[in-house]
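Work through these exercises with the model open beside you. Try each task before you read its solution.

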Amino acid sequence: MAIKITIKASYKLPFFFFFLSTLFLASSSVTPLINALSDDHNQKCQQSICRGVGSRHSLLRSKDHPQDAREEYFYCSQSCGTSEDPEQCETECRKRFDEQLKKEAEEQKAQEEEGPTFNPNPYYFPKFELRPRFLAEEGAYFVLESFARLSHLLRGRIQNYRTALLQTTPGTFVLPYHLDAESIFVVWNGRGTLTFVMKDTKESFKIENGDVIRVPAGATTYLINNHTTENLSLVQLFQPVNTPDLFEEFFPAGYKDPEPGSDYSFLHGTESYYSVFSKDLLEAAFDVPREQLEKAFGQQKREGMIIRASQEQLEALSKQPSPWWRKLVPWSMGSDLNFNLLSQRPLHSNNYGKFYEAPPQEFNQLQDMNVSVAMLDINPEAMMVPHYNTKATYLMMVVDGMGYFEMACPKFTIPASEEEMKYQEEQADQQSGAYVKVSGKLSLGDVFVIPAGHPVSIVAQNNNPNNNGNQNQNLRIVGFGINAGNNMRNFLAGQEGNIMKQMEREATQLTFGQEMEQILTSQKQSYFVPASRRGSSTEKA
Amino acid sequence: MAIKITIKASYKLPFFFFFLSTLFLASSSVTPLINALSDDHNQKCQQSICRGVGSRHSLLRSKDHPQDAREEYFYCSQSCGTSEDPEQCETECRKRFDEQLKKEAEEQKAQEEEGPTFNPNPYYFPKFELRPRFLAEEGAYFVLESFARLSHLLRGRIQNYRTALLQTTPGTFVLPYHLDAESIFVVWNGRGTLTFVMKDTKESFKIENGDVIRVPAGATTYLINNHTTENLSLVQLFQPVNTPDLFEEFFPAGYKDPEPGSDYSFLHGTESYYSVFSKDLLEAAFDVPREQLEKAFGQQKREGMIIRASQEQLEALSKQPSPWWRKLVPWSMGSDLNFNLLSQRPLHSNNYGKFYEAPPQEFNQLQDMNVSVAMLDINPEAMMVPHYNTKATYLMMVVDGMGYFEMACPKFTIPASEEEMKYQEEQADQQSGAYVKVSGKLSLGDVFVIPAGHPVSIVAQNNNPNNNGNQNQNLRIVGFGINAGNNMRNFLAGQEGNIMKQMEREATQLTFGQEMEQILTSQKQSYFVPASRRGSSTEKA
Amino acid sequence: MAIKITIKASYKLPFFFFFLSTLFLASSSVTPLINALSDDHNQKCQQSICRGVGSRHSLLRSKDHPQDAREEYFYCSQSCGTSEDPEQCETECRKRFDEQLKKEAEEQKAQEEEGPTFNPNPYYFPKFELRPRFLAEEGAYFVLESFARLSHLLRGRIQNYRTALLQTTPGTFVLPYHLDAESIFVVWNGRGTLTFVMKDTKESFKIENGDVIRVPAGATTYLINNHTTENLSLVQLFQPVNTPDLFEEFFPAGYKDPEPGSDYSFLHGTESYYSVFSKDLLEAAFDVPREQLEKAFGQQKREGMIIRASQEQLEALSKQPSPWWRKLVPWSMGSDLNFNLLSQRPLHSNNYGKFYEAPPQEFNQLQDMNVSVAMLDINPEAMMVPHYNTKATYLMMVVDGMGYFEMACPKFTIPASEEEMKYQEEQADQQSGAYVKVSGKLSLGDVFVIPAGHPVSIVAQNNNPNNNGNQNQNLRIVGFGINAGNNMRNFLAGQEGNIMKQMEREATQLTFGQEMEQILTSQKQSYFVPASRRGSSTEKA
């Protein structure tokens with residue numbers, strides 16, 4: 001009997017997609033420039049993406065359909081910004097999107113009944129792989145599945161990490177909870193205050209774009225979004241402490257199930273963890289009669305994990321922040337758990353892009369997790385040249401802009417079954433010496449993994465040539481470097497940091513032949529370069 | 001074809017139970033207070049336990065029967081202390097016990113033939129899960145099975161640890177052996193001398209209640225019990241160095257199989273590891289003729305792993321202990337491998353209980369294992385209030401007294417088969433937000449695991465109200481904190497250390513509603529409180 | 001349906017064996033003493049080996065046949081050195097060898113068709129387990145399969161390491177590549193220059209016998225053999241950074257497949273990793289037209305991974321070595337990545353053998369891998385006495401001489417199937433207390449694993465009594481100690497370092513009886529002793 005594993009969960013797919021698009025669009029809606037993108041340019045751009053990642057399609061099978069539907073809706077919706085009747089346009093986009101999703105959900109269901117499905121691209125997880133743990137008008141909390149379950153190639157260190165996305169709308173409070181996981185929160189949009197309480201201390205941080213907060217395992221954490229218009233958005237990295245790839249939220253107070261029939265009724269509320277203790281025990285522990293306890297821990301449940309708060313409550317909860325000078329002082333007292341990454345000097349920077357990174361050997365608060373936090377910001381129509389990381393595996397989540405990546409991986413084939421997967425693992429060494437391209441389109445919410453040693457290049461695409469240089473269109477990615485202590489980024493092209501330029505003339509000749517010496521001198525830029533060759537049009541002409 | 005795994009070993013069950021009870025009772029027999037427990041109170045107490053852990057039964061299936069038999073025998077036997085004809089009473093208790101065990105062994109055998117069995121409570125391992133590696137009149141050595149095999153939920157760090165119980169009767173010597181594991185020995189009863197030899201050194205320690213000895217991997221260790229009346233009892237933690245969850249004893253000299261037909265004939269003796277080398281090789285290595293070697297390594301085997309020693313031998317082996325001042329000096333020279341935990345200031349302490357702990361960041365000898373050693377001592381009818389550990393997973397073994405624990409765990413269901421287990425692992429994330437109570441009765445030899453982040457409360461029960469405050473009736477637990485570096489204990493009730501009291505008033509209101517503020521001020525005690533509400537009887541009346 | 005796993009690869013077996021023997025013999029051919037071995041002595045010696053490891057055969061099944069064929073050929077070929085017509089002798093040896101291999105390959109194939117095969121000796125991997133990744137006239141690169149796949153008992157730390165053998169003939173260049181693994185290279189024959197390039201640095205090392213180079217993960221490495229007659233030979237240890245037991249070579253420039261029909265045509269060449277990127281992307285990254293790029297990265301592939309270099313190229317590439325004083329200074333500046341192990345004071349040394357070791361606590365460059373590097377050099381007809389390592393598991397590769405080892409292991413049985421293996425793992429604890437001998441013949445390329453705690457003895461055999469004391473006949477082994485920090489070697493015989501001599505007289509008597517005290521005083525040598533008892537012949541007479 002074959003062991004049958006169904007990796008895809010069966011939550012109601014259309015609602016999920018619907019919400020995801022809505023939420024992301026809501027966030028985008030405060031950035032009017034994206035809405036100004038012309039439909040024409042989208043068409044052109046989409047084609048150029050397809051050209052860029054053409055070979056990817058041979059690696060992907062059924063999964064790329066849902067992504068295409070979502071992409072299509074995204075472009076369609078954005079084009080409405082310049083439409084004469086934006087509302088009507090939007091309604092049509094949604095209708096088309098819903099129909100497509102419905103069709104795809106049916107297709108997928110049929111496939112699931114046929115047998116197990118595996119993720120066909122082992123390093124790229126488009127946004128629809130993010131699973132909602134909470135969804136409501138007030139905000140959302142999405143968690144990416146365990147890497148070990150997403151891909152049979154992601155064994156090893158990365159298997160012990162999980163990633164998530166938390167977004168809250170203005171004027172909200174996220175209920176307190178703790179995790180059985182060490183975590184790092186990175187803020188990439190909005191403003192708020194994050195607080196966590198431990199045995200004898202309370203830490204409170206004003207947070208904004210670029211802030212990194214190291215939340216220790218077991219810290220009971222809550223946060224507010226006290227901005228009047230902007231969503232507060234965070235990317236989170238978790239390192240579970242009990243079971244390598246599982247973590248749980250522990251809520252002292254529970255919240256209700258979504259209303260039956262609502263868009264999110266496929267999700268569940270949660271109890272208070274207090275409620276599992278015997279009544280006798282709780283009575284003795286608190287020294288109060290049980291009727292009083294029941295009110296606090298059981299009956300008066302909140303509406304959701306993220307709830308509206310009054311102006312007074314928000315004000316009270318945004319007081320007592322950490323002193324203003326904390327973020328300016330480089331990590332030195334062993335007590336600060338936050339810093340602003342964008343206030344650091346970028347590691348690599350020129351007119352085409354910026355790379356910020358906080359490595360664990362310099363930022364003590366990241367040392368015990370041996371993780372670095374990076375922010376990559378590539379100008380439209382520019383690219384980060386091919387390079388590889390010497391030790392670290394990077395977990396990347398796109399938070400703004402559009403583009404694609406290309407990566408050279410040792411050859412693998414997509415196993416059709418568990419037995420085949422096992423067989424391939426046995427044979428892995430036999431395939432040595434051949435590489436395949438792994439690539440993927442990038443937009444908000446997409447996750448990709450760059451294993452150590454794998455050459456990679458990331459390209460930003462410009463959706464509107466009239467807005468060149470505008471910050472909002474940059475491709476922005478938050479990255480976590482797993483095992484990043486003493487990691488180096490060896491560049492394979494460009495003027496500086498290019499390892500090929502370190503080799504002796506004779507070694508270069510023996511390796512590549514005569515041509516290479518001249519090739520290595522041509523590019524004058526370093527790290528970030530224009531995405532199309534400067535002189536190419538004239539030469540081609 | 002389904003893969004069939006039988007976890008339970010097939011050693012002769014009744015003898016094992018018989019011995020275990022005998023050994024533990026023997027140890028208890030020097031503590032007359034337990035024997036003084038009245039039968040009436042037992043009955044009452046047993047009921048209150050059942051009330052306390054009532055919901056547990058829905059989690060347990062077949063395994064709880066043997067425990068009940070053992071418990072019943074325990075209470076029955078204790079009640080004989082006040083009986084008019086104690087011997088006759090004891091004989092009857094044993095007879096009843098043997099019959100029940102026989103019946104249960106048959107039931108279990110029948111179940112095993114039906115198919116695989118899994119431990120239904122993934123965090124609680126009653127004493128009958130301890131497997132004997134050696135058993136005789138002179139003492140016993142029990143090892144708990146690998147956690148990974150005991151429970152599918154105990155993956156992760158704890159999987160790399162094992163625990164054991166070693167007990168020797170007065171006037172005995174434990175044969176030298178080394179392990180392929182780092183270990184920590186904790187003495188909780190008796191006196192003796194423990195010695196280990198390494199390449200160029202010999203370390204010798206006088207040991208007594210509360211002593212902690214860090215035995216390095218590969219140290220050839222032997223010990224004596226030179227007390228005239230008391231058993232010497234140790235709890236051991238092992239961290240295997242070769243294979244994560246397996247370790248072996250390596251004996252330079254072997255010992256015989258138990259006599260055929262004896263109570264322990266289901267166990268085996270061991271050879272000398274010297275005996276596997278070729279005779280030629282040994283002759284050359286020792287430069288003596290082989291006849292002489294055979295006598296030492298093969299023919300003259302000892303009677304058992306634990307043997308009687310003469311008074312002269314015991315005296316000689318208890319000389320040359322480490323200097324008296326060693327235990328007083330806080331760890332600072334990097335050379336001391338022992339200290340007395342009970343001589344430290346307790347971490348939490350009041351009239352209701354005491355918590356001693358040696359954390360790895362303060363006790364250098366525990367640093368490389370990143371393990372803390374704890375001793376919990378709760379007065380009868382008191383409790384340690386609900387709390388959770390932020391990073392550490394605690395492995396707890398009860399060494400005295402009676403009680404129970406309650407723990408809030410993310411919901412799990414007991415898989416009926418390996419496929420189901422696999423399926424559940426895949427689905428694990430879907431169940432997020434629901435908690436179940438895990439609980440268990442506690443008495444000598446029971447082991448339970450408290451994963452990081454899981455709220456837990458431990459309650460001591462008083463078996464004899466006339467002996468209030470007597471040390472012997474306290475619930476005493478030896479605990480090992482895995483991954484304990486910088487662990488914190490966040491309390492969920494009580495005056496001090498209570499994280500709920502750290503939250504701002506507004507956060508408390510948003511989270512729990514108005515009631516909570518008042519509830520948090522009621523309990524004036526901290527950490528340990530009476531197990532029943534002080535004012536409850538008056539209020540109820 | 002049973003899961004079927006075929007561990008053996010199906011590359012053309014005879015060619016592989018043929019090459020391996022040729023290469024190793026070529027290396028040996030510069031050492032005329034081995035060729036001078038008399039046929040008679042071989043016969044005698046072979047018998048004594050068989051006697052020594054007689055009991056091993058009960059552990060081995062089908063796999064020992066190929067080894068015997070290879071061994072037979074090895075002895076046969078060596079005997080030709082003193083033959084009247086060496087060429088004719090050699091031809092006959094090869095013919096016999098080829099026939100045997102063919103027969104065995106057929107046998108093995110038949111067995112594989114029957115069902116899965118498992119390695120029957122879990123700690124010994126004769127040289128034919130080394131898999132070629134590259135083979136040519138210019139040199140060879142062999143990698144040992146993942147331990148986890150070789151043996152079900154090698155779980156745990158050692159599972160995360162791999163080992164390899166690299167040999168190049170005089171006047172050659174090894175193409176640059178990087179690995180997704182930390183590595184340690186140990187030179188045991190020849191001379192050359194090893195260079196690696198990183199982002200902003202180039203490190204270049206003159207290398208010779210005894211040199212240890214710590215190559216960081218991701219360093220693009222190349223090397224030359226600039227000796228005129230000698231092979232350059234290295235043993236390599238890898239610790240993969242992405243997936244515990246898998247690593248890949250990443251070549252910036254590729255090399256061709258072997259000629260069809262050649263001896264090595266079962267192997268494959270490799271592409272350049274540059275070649276997987278889109279042409280557009282590369283054009284932009286290098287800022288050169290694509291025609292130029294294609295020449296460098298695609299069309300002008302090298303002949304192989306190891307290629308001939310001109311005298312001028314070799315000279316240029318052996319310039320700029322690290323300064324001469326680098327190897328003399330003990331590790332202190334945190335920047336040196338190499339040292340010469342044979343220039344250190346041996347840890348144990350006498351007239352019968354030498355043991356060199358660089359432990360991680362003293363050699364900073366080995367600290368992050370927590371690995372020690374050892375070189376064992378035993379004189380012919382001498383032995384290293386029985387001992388065990390307290391914490392470290394040693395991975396040993398024979399690089400010169402002949403001999404055998406004996407090791408005491410906790411009892412295991414060879415599983416016939418995966419289900420049986422699983423069942424045995426469950427039962428592992430039940431077998432406690434019995435030991436079996438694991439042993440194996442040793443010659444160039446054989447690998448064996450000594451787990452921590454396992455008593456072991458290693459014996460060197462003399463193939464030519466007329467050449468006593470000649471360095472070339474010593475049994476030389478390169479060892480890597482996994483988890484070696486603070487490891488100790490506890491000796492079980494000999495004058496010094498013998499833990500049995502640390503025990504009190506009374507403990508020795510209680511443990512072994514009266515005989516042992518006298519036995520322990522007889523041997524006057526320490527660590528290394530003659531392999532046969534000095535007085536034995538006179539006593540026997």
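**Exercise 1. Surfaces of chain A and chain B**

Do the copies, chain A and chain B, meet through different surfaces or through shared ones, and what percentage of the interface residues of chain A are also interface residues in chain B?

Solution. Note first that this is a predicted model.

Step 1. Superpose the copies. Chain A falls on chain B after a rotation of 120°, with 0.0 Å of shift along the axis and an RMSD of 0.1 Å.

Step 2. Compare the interface residues. Only 1% of those in chain A are also interface residues in chain B.

Step 3. Conclude. The overlap is only 1%, so the copies meet through different surfaces.

**Exercise 2. Contacts between chain A and chain B**

Describe the interface of chain A and chain B by residues, area and polar pairs.

Solution.

Step 1. Count residues. On the chain A side, 74 residues are in contact with 82 residues of chain B.

Step 2. Take the area. The size of an interface is often given as the accessible area lost when the parts come together. Here chain A and chain B bury about 6500 Å², with 55% of it on carbon and sulfur atoms.

Step 3. Add the charged pairs. There are five salt bridges between chain A and chain B. One salt bridge joins the side chains of B:Arg155 and A:Asp245, at 3.5 Å from N to O. The cut-off is 4 Å, so this pair qualifies.

Step 4. Add the polar contacts. Chain A and chain B have 27 residue pairs in polar contact, both residues at pLDDT 80 or more.

**Exercise 3. The interface of chain C and chain B**

Find the relation between chain C and chain B, then describe their interface.

Solution.

Step 1. Superpose. A turn of 120° and a shift of 0.1 Å along the axis lay chain C on chain B, with an RMSD of 0.1 Å. That is the relation of a three-fold axis. The copies use different surfaces, as 1% of the contact residues of chain C recur in chain B.

Step 2. Count residues and area. In this interface, 78 residues of chain C touch 75 residues of chain B. The buried area is about 6500 Å², and carbon and sulfur atoms give 55% of it.

Step 3. List the pairs. Chain C and chain B share five salt bridges. Among them is B:Glu182 with C:Lys391, whose closest N and O atoms are 3.0 Å apart. By class, the chain C side has 35 nonpolar, 25 polar and 18 charged residues.

**Exercise 4. Cysteines**

How many disulfides are there over all chains?

Solution.

Step 1. Apply the rule. The count is zero over all chains.

Step 2. Check burial. C:Cys409 has a relative accessible area of 0%. Buried means under 20%, so C:Cys409 is buried. A:Cys409 is also at 0% and counts as buried.

Technical notes
Residues numbered from 1 in each chain as written. Chains lettered and ligands numbered in written order. Predicted model: local features only at pLDDT ≥ 70, side-chain atom pairs only at ≥ 80, totals over all residues. Heavy atoms only, no water. Contact = heavy atoms within 4.5 Å. Buried area = accessible area lost by both parts, 1.4 Å probe. Nonpolar A, V, L, I, M, F, W, Y, C, P; charged D, E, K, R; others polar. Disulfide = S-S within 2.5 Å. Buried < 20%, exposed > 50% of the residue type's maximum accessible area, 1.4 Å probe, protein only. Least-squares fit on C-alpha atoms with pLDDT ≥ 70 in both. Polar contact = N/O pair within 3.5 Å; in protein donor to acceptor, adjacent residues only side chain to side chain.
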